[in-house]
Amino acid sequence: MNNANTLQDLVQIARDGVEFYTEAGKEVKDVTLKATFARMAEAKRDLIASLSTKLVASGEDVPTSGTAVGKLRQMYADVRASISSNEEKIYVGQLEETEDRLVEHYESAIKEVKDPLVLAMLQAHMTRVRACHAEMRGLKQRLAA
């Protein structure tokens, strides 16, 4: 897979996160969760902006939508939350899995990318990608307790 395809995939997966966090933020009632979801969506927007800048500089197209997998996960969470007595727990659990997916693809991208400038950019964002994942995992564990 070339650098452009790798970056485009990451943009799409990050867009999944933006869309899902934004939708979940509209659905939950807890103001702390709303704020967390908004902050997480913003982290994904920042990542998209950075990756998009590199794609544009390389003359490549920037994806404008997420993935089918991301859309299905969001729909699944919406259905489960609508029949659950604890919609926050459902959304957090599914969002944590969305973070899992981003981390997994991000780590693969770091292993695959050969361009040292692209690699440096990916590594610079990895701390925040992992921090978002860790925060959602912790939130999921707290809600499960």
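**Helix 2 and helix 4**

I looked up how helix 2 and helix 4 run, and they are roughly parallel to each other (angles under 35 degrees count as such), because their axes cross at roughly 20°. Those axes come within 13 Å; they are lines fitted to C-alpha atoms over the stretch in contact, with angles from 0 to 180 degrees between N-to-C directions. Helices here are DSSP runs (H or I, at least four residues), numbered from the N terminus.

This is a predicted model, where local features need pLDDT of at least 70, side-chain atom pairs count only at pLDDT 80 or more, and totals for chains, interfaces and linings use all residues. I kept in mind that residues are numbered from 1 along each chain and that side-chain values use heavy atoms, without hydrogens and water.

Next I listed the contact (heavy atoms within 4.5 Å): from helix 2, Leu 33, Phe 37, Met 40, Lys 44 and Leu 47 meet helix 4 residues including Tyr 91, Leu 95 and Glu 99. I noted nine nonpolar, no polar and three charged residues there.

**Aromatic pairs**

My search of the whole structure gave two aromatic pairs (ring centres within 6.5 Å).

Phe 20 and Tyr 91 are edge-to-face, at 6.4 Å and 70° (planes over 60 degrees apart). Phe 20 sits in helix 1 and Tyr 91 in helix 4, 71 residues apart. Phe 20 counts as buried at 1% relative accessibility, and Tyr 91 does at 2% (buried is under 20% relative accessible area, with a 1.4 Å probe and protein chains only).

I found Tyr 21 and Phe 37 tilted, with centres 5.8 Å apart and planes at 55° (neither under 30 nor over 60 degrees). This pair ties helix 1 to helix 2 across 16 residues of sequence, and both its residues, Tyr 21 and Phe 37, are buried.

Conventions. Phe/Tyr/Trp six-rings, centres within 6.5 Å; stacked < 30°, edge-to-face > 60°. Helix = DSSP H or I, 4+ residues; strand = E, 2+ residues; numbered from the N terminus. Buried < 20%, exposed > 50% of the residue type's maximum accessible area, 1.4 Å probe, protein only. Parallel < 35°, antiparallel > 145°, perpendicular 65-115°, else oblique. Nonpolar A, V, L, I, M, F, W, Y, C, P; charged D, E, K, R; others polar.
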